[in-house]
Structure formats: C-alpha cells, structure tokens
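Colleague: Could you take me through a few of the labels on this model and how each was reached?
Modeller: Gladly, let's look at it together.
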Amino acid sequence: MSSESGIRGPGLPGAGVKVNAGGDGVTTGYPLRDRLALSAGLAGPFLVALVLVPFRTDLSRTNAALILVVAVVAVAALGNRVAGALAALSAAAWFDFFLTRPYQTFDIDTSDDVETAVLLLVVGLIVSQLAARARRLEVITVTDADHLRRIHETADLAQSAKSSDTVVDHVRGQLTEVLGLRACRFEYGTLLGRPPRLEQDGSIAVGRRHWDVDAGGWPDGEIELRTYGNGHYLGRFMLTPGPGPVPPLRARLVAVTLADQTGAALDTAGPSKDG
C-alpha cells in the first residue's frame with residue numbers, strides 16, 4: 001500500500017536560488033528580499049545623501065556620515081552581507097560626491113574630510129556585517145525552534161495515533177515543508193530501483209558515491225528517505241525536490257529524525273489495513 005497524493009509546501013529561505021540542470025547546481029539569482037536589498041544598497045545611500053544636500057553647509061561632516069551609517073545598517077538588516085557592503089561603498093562614494101568640497105566631484109580638499117570618508121566606509125562595512133549576522137542568527141534561532149516543535153509534535157503523534165498511517169501522512173507534510181519539496185509520498189516495504197538516497201548524516205548518496213548537494217543542488221529525480229524500526233527496513237519516503245534552494249544540513253537532519261519517528265510508529269503498530 002502506498003500514499004500517492006503529493007503535498008506542496010513552502011521552500012526554505014536561503015541566500016541564493018539554485019535550480020538543478022542535468023544534476024549540476026546553477027545559481028540563477030537571489031530571493032526577492034535580497035534582490036530588493038541589493039537595489040537598496042545602491043540607491044538608499046544615494047537618496048539619503050541627496051536629501052542632505054540642502055543642509056550640507058550647516059550639517060557637520062561627522063553627523064552627515066553618521067546618518068549615512070544608519071542607512072547602511074538598515075540595508076544590511078533587511079538584506080544580507082553583500083547588500084550591506086554595497087551600501088557602505090555607496091555611502092562613502094556619495095558622501096564624497098555630495099557632501100564634501102569640491103561638490104559634485106569625487107575629489108576631497110581637506111584631510112579631515114578624507115579621514116571622515118574612510119571612517120564612514122570602514123564603519124559602514126563593519127556595522128553592516130554585524131547587522132547581517134544578527135539577522136542570520138535570528139533566522140537560525142527561529143528555524144531551530146520550528147524544527148524542535150516539529151519533532152515534538154511528531155513524537156507525541158507517534159505515541160497517541162491509533163493508526164501508523166496517521167503518522168506517515170503527518171510526516172509527509174512535515175517533510176514537504178522542511179525540505180521545500182514539490183511532492184512527497186510513502187512506499188511500504190519493497191525497495192525498487194536505486195534512486196538517490198538521503199542518508200542518516202544528512203548527506204546524499206547516488207549509487208555508491210557521495211553527492212555534494214550543497215554545491216551541486218539536488219540530484220535528478222525522486223530521492224528516497226528510508227525508515228527503520230529496530231534495525232529493520234519498513235518503508236521509504238520518496239521526495240520530489242522543489243524549485244527553491246537546497247535546504248541546509250540542519251533541515252536535512254530534522255527530516256531524517258522525522259523519518260526515524262515514523263519507523264518507530266510503524267514498528268509498533270504496523271501499517272494500517274484500512275488506509
């Protein structure tokens with residue numbers, strides 16, 4: 001018996017979008033949020049410096065630089081390290097062009113203004129990296145909490161469900177969301193063919209060789225994730241990767257844990273006879 005219906009779910013956020021073309025990962029771009037941040041990294045400091053132009057004779061160079069640093073931090077917090085670095089470079093350039101004499105040139109007359117421009121660039125780069133790191137750590141914390149919730153929910157269901165098929169269906173949905181799958185189905189018992197395999201350590205095996213999923217993207221076709229109970233093979237989830245980025249190792253290990261919980265439920269109750 002097998003569950004044939006596929007379940008769709010959202011992919012995971014990542015720094016880039018990869019697609020699989022003939023088994024080779026090809027970077028085709030950034031997620032929308034990061035693309036917007038890159039645009040903001042170019043345009044944001046320019047617009048801020050332009051707004052400060054009417055006040056440049058009254059505003060000290062230091063205060064103008066601090067305002068531009070705020071713009072850099074905003075871009076980095078919303079985007080990524082690349083966007084933050086781009087914003088820092090843009091801020092230093094437009095500070096020089098609009099806010100130091102001679103105006104509308106990239107020349108600087110005084111050593112104090114040169115020092116301020118250099119400090120703006122250095123501080124902007126450092127602060128932007130810190131802001132981007134803070135954003136990444138926040139995402140990791142939220143993601144880890146979400147993963148822990150999924151594992152606990154599945155463990156509770158495995159203990160309370162009257163039918164192992166209930167656990168199988170639940171885990172299919174969880175795997176679809178965690179791994180950003182296009183579809184997921186479960187096969188009881190028989191092993192047919194030699195599809196790529198998601199291993200217990202989160203790696204991917206194709207035949208007898210290791211597949212560098214982080215560099216090459218998902219391999220072509222369905223990927224199996226086997227379930228075991230007391231060391232005995234009981235079935236496998238067949239995973240159809242979605243178009244988004246390959247999930248990180250942390251997510252793949254969560255997927256393996258969810259499959260193990262399914263195996264424990266199957267070993268205890270056996271497959272449903274009326275599903």
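Colleague: What makes the link between Ser163 and Asp165 at the start of H5 a polar contact?
Modeller: Bear in mind that this is a predicted model. A side-chain oxygen of Ser163 comes to within 3.1 Å of the backbone nitrogen of Asp165. The cut-off for such a pair of N or O atoms is 3.5 Å, so it counts as a polar contact.
Colleague: How do you know that the length of helix H5 agrees with what it should span?
Modeller: Helix H5 covers residues 164-179, and at 1.5 Å a residue its 16 residues should span 22 Å. Its end C-alpha atoms are 22 Å apart, so the two agree. Just after H5, Gly180 has a positive phi of about 65°.
Colleague: Why is H5 called mostly covered?
Modeller: Of its 16 residues, 12 are buried, among them Val167, Val168 and Val171.
Colleague: Why is Ile126 called partly exposed?
Modeller: Its relative accessibility is 49%. Exposed would need over 50% and buried under 20%, so Ile126 falls in between. Ile126 sits in helix H4 and joins Val114, Val118, Val122 and Leu130 in a nonpolar surface patch of about 420 Å².
Colleague: And why is Gly263 called buried?
Modeller: Its relative accessible area is 0%. Buried means under 20%, so Gly263 qualifies. This glycine belongs to helix H7, and Gly263 touches Thr227, Tyr228, Gly229 and Leu234, leaving aside residues up to four places away in sequence.

Terms used: Residues are numbered from 1 along each chain as its sequence is written. This is a predicted model: local features need pLDDT of at least 70, side-chain atom pairs count only at pLDDT 80 or more; totals for chains, interfaces and linings use all residues. Side-chain values use heavy atoms; hydrogens and water are left out. Patches are made of residues with over 30% relative accessible area and no salt bridge: like charges are joined within 9 Å, nonpolar side chains (Val, Leu, Ile, Met, Phe, Trp, Tyr) within 5 Å. Accessible areas come from the Shrake-Rupley method with a 1.4 Å probe; for residues, only the protein chains shown count as cover. A salt bridge is a side-chain nitrogen of Lys or Arg within 4 Å of a carboxyl oxygen of Asp or Glu. Helices (H or I, at least four residues) and strands (E, at least two) are DSSP runs, numbered from the N terminus. Buried means under 20% relative accessible area, exposed over 50%, partly exposed in between (1.4 Å probe, protein chains only). The expected span of a helix is 1.5 Å times one less than its number of residues. A polar contact is a pair of N or O atoms within 3.5 Å; within protein, one must be able to donate a hydrogen and the other to accept it, and residues adjacent in sequence count only if both atoms are side-chain atoms. Contact means heavy atoms within 4.5 Å.
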